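Please examine the model below with two matters in mind: the surface that faces the DNA, and the contact between the protein chains.

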2 protein chains.
Amino acid sequence: MQRDGVTGETDAQGSAQRRVAAGSRGRRRVSMADVARRAGVSSQTVSRVSNGHPSVVESTRSQVLAAMKELGYRPNSAARALKSGQFRTLGIILFTLSTTGNVRTLEAIATSAAAEGYATTLLPVAVPTEGEVRGAFTRLGELAVDAIIVIMEVHLLDAAAVSLPPGVGVVVADSDAGDRYSVVDTDQKGGASDAVRHLLGLGHGTVWHVAGPEESYAAQRRADAWRSELQRAGRDVPPMLRGDWSAESGYRAGLRLAQEPGCTAVFVANDQMALGVLRALHDHGRAVPDEVSVVGFDDIPDAGSFIPPLTTVHQDFAEVGRRCVESALRQIGDAQGERGTTLVPTRIVVRESTAPPPTA
Amino acid sequence: MQRDGVTGETDAQGSAQRRVAAGSRGRRRVSMADVARRAGVSSQTVSRVSNGHPSVVESTRSQVLAAMKELGYRPNSAARALKSGQFRTLGIILFTLSTTGNVRTLEAIATSAAAEGYATTLLPVAVPTEGEVRGAFTRLGELAVDAIIVIMEVHLLDAAAVSLPPGVGVVVADSDAGDRYSVVDTDQKGGASDAVRHLLGLGHGTVWHVAGPEESYAAQRRADAWRSELQRAGRDVPPMLRGDWSAESGYRAGLRLAQEPGCTAVFVANDQMALGVLRALHDHGRAVPDEVSVVGFDDIPDAGSFIPPLTTVHQDFAEVGRRCVESALRQIGDAQGERGTTLVPTRIVVRESTAPPPTA
DNA sequence: TCGCACGATGTTTACGTAAACATCGCGTGA
DNA sequence: TCACGCGATGTTTACGTAAACATCGTGCGA
């Protein structure tokens, strides 16, 4: 067939047209048709080779492969997506990359997604107002994504949910969201309880708490666990201090703790704030861990290099990311993905910032 | 026209077909044709409204808009990309999100890109071997991106460059790359020189250096600037120590520095390592800044919360990100984007880790 | 008053791929 | 020996959009 005169003529026409279509600047990308022509097969055969379809005889396959290589063929993902209705892309919506947790989770998501042949599209939302989020989702809806992973507080998601494109799965990381979405979360409660129990186990009478910002669900749950663990043990619950996750806010909280003579143990809701607390205690001559014990949360890479190395609750962000991708892909496959919550366990890492209380 | 009997019949047929096409699961997305039918116009008119084309009369426009809203129409970006040849997406290739610089740069890129209506696709490369990088680029080539921003050492890029899809612009952040690519970089040399001059200006006889890993171009340039600044001032150049950017490696370097009685000033190539150095000095009773002054590089958010707050060289990652996007978009527009290097200035932030040397 | 220009809208077509269906030829069993 | 089946390959078509071109009507100048 490839030597048929009529076909030859059609080819010539095709090329001419194409040259025109390509316009004045830059050459058009190589398409299946080009490869097909070069290899002397139909474009459908090229498609089959490209997708590893079994019913292509070896000799044909290698011929096509050679033509692809020669011409530098690369499949056009837009066309593929248009035809198949799948983009092989996950959208990630988040507020900020300034917390370690988000970054690590994102990294794990991107890595696992890549392993599954999925790309990861980022959609940062600068200011967490409802309007902003809604805008982000609208854009995501138009965006080429098969599923969306949300790394943020879900109550902001609520207002935006209406504009979620139907048929796109949503996974929420590290938030509540209960029944409406699939959720992958760290076991905040377990981790916080472990931290408090560790301190009580060392003999401290009670444990103070520097919490994260009010609007953070994670912060809230860590605080709740701290409170109920103390109550269960029948201890006094000291007033709760609040920070905004930053080391600076931790420093401010630490200044107040340094004035409290009765304070011998602190559970800080994240490592960055713990860094600030350590500095405040140090600045006011309160020795850690000899006078005051400090426990953080997250186990960021630097935690082992704090002064002193920080005892903290390790979060497995990588696992969270992996589970998010897993759940997202399952939703893509299933259409009606399950809605459950997956809890990723934590573990406490004991370093040098905790010790028994000073014998009074 | 919209009340024509034949047209009505066509409508009915269309719907039936559509239902079949949608298959058993989930409904097909609303297309321009659906909106057109509902609004009683041609799909081309819908396209015009969708793209804000001027020659649509107001009454028609609002009719179409209403139909879009009613039907929940969302443009199909795959089709749009196929037709226009543009994805409105930037691809980011990087090794790791574990360094602050990469994360901040990425964040700025994503934000600026979003502001320009571009999405950002992440392509992490787990292990920085040549093979890995090549794979990443191959995938990026198939990926739906209009330009690529590379955040990594360029010598690894070299091997991979061959598989770069033609016509896709490349911007390299924070590396060399000279003439082949457009480069946006922080003024490493200026920043490092400032750090050394600051210490010499305080009266220190010379300055030690804890460098980053050998294969890092940034580390190399910071070390070069340190050396040449000392030489220019006619000072001794102490042996250089090396870390791998981590706080832990900084600690190890700090242990060695603590043994050097003559060492009164250290320039550390990044803040994380500086954190480790601070702890090592602290552990060995060397007071900072009274006995030893320490300067970092990066100005990570926590730097002000170190013990003591760290004097460091501030990098404007946000600006780097912004410039990267700017350059990438220019390349998309131009086809032949320029190849120059853009330098983003640094500034030294003086905190409490530096002071004049102890009077011997 | 007639024709032409221009604005608004409709029709056709192509983008690159892959599913669905069609065809062709060869081997095998009755 | 012939028909049938099946594997390999080709042909047709549709995905949703937007550029290019076609058409229609209206208003204005000669």
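The paragraphs that follow take up the surface near one DNA strand and then the contact between two protein chains.

The coordinates come from a predicted model, and the distances and areas below should be read in that light. The description begins with DNA strand D. Around this strand lie 25 residues, and those that come nearest are A:Thr45, A:Thr60, B:Met32, B:Gln44 and B:Tyr73. Sorted by class, the surface near DNA strand D has 10 nonpolar, 10 polar and five charged residues.

Which parts of DNA strand D does the protein approach? Within 4 Å of the protein, 58% of the atoms of DNA strand D belong to sugar or phosphate, and the rest belong to bases. Several individual approaches to the phosphates can be located. A polar side-chain atom of A:Thr60 lies 2.4 Å from a phosphate oxygen of the strand; A:Thr60 is also among the residues that come nearest to DNA strand D. At A:Val57 the partner is a polar backbone atom, 2.8 Å from a phosphate oxygen of DNA strand D. Chain B contributes B:Ser47, with an N or O atom of its side chain 3.2 Å from a phosphate oxygen of the strand. The elements that give two or more residues to this surface are helix 3 (43–50) and helix 5 (77–84) of chain A, together with helix 3 (43–50) and helix 5 (77–84) of chain B. Helix 5 of chain B provides the largest share, four residues.

Attention now turns to the contact between the chains. Chain A brings 52 residues to the contact and chain B brings 50. The area buried between them is about 4300 Å², and carbon and sulfur atoms give 61% of that area. On the side of chain B, the residues that lose the most area to chain A are B:Arg74, B:Arg279 and B:Ile307, which together account for 15% of what that side buries.

How many salt bridges are counted between chain B and chain A? The count is zero, whereas 11 residue pairs are in polar contact, with both residues at pLDDT 80 or more. Several elements of chain B each supply at least two residues of the side that touches chain A, including helix 5, helix 7 (130–142), helix 11 (247–259) and helix 12 (271–283). Helix 6 of chain B gives the most to that side, with six residues. By class, this side of chain B has 25 nonpolar, 15 polar and 10 charged residues.

The chains are also joined through their strands. Strand 2 (residues 119–124) of chain A runs antiparallel to strand 2 of chain B, and three bridges join the two. Within this arrangement, A:Leu122 stands opposite B:Thr120.

Note on methods. Residues are numbered from 1 along each chain as its sequence is written. Chains are lettered from A and ligands numbered from 1 in the order in which they are written. This is a predicted model: local features need pLDDT of at least 70, side-chain atom pairs count only at pLDDT 80 or more; totals for chains, interfaces and linings use all residues. Side-chain values use heavy atoms; hydrogens and water are left out. A residue is near a molecule or strand if one of its heavy atoms lies within 4 Å of it. A polar contact is a pair of N or O atoms within 3.5 Å; within protein, one must be able to donate a hydrogen and the other to accept it, and residues adjacent in sequence count only if both atoms are side-chain atoms. Ala, Val, Leu, Ile, Met, Phe, Trp, Tyr, Cys and Pro count as nonpolar, Asp, Glu, Lys and Arg as charged, and the others, Gly among them, as polar. Contact means heavy atoms within 4.5 Å. Buried area is the accessible area (1.4 Å probe) that two parts lose on being put together, summed over both. A salt bridge is a side-chain nitrogen of Lys or Arg within 4 Å of a carboxyl oxygen of Asp or Glu. Two strands pair if DSSP finds at least two bridges between them.
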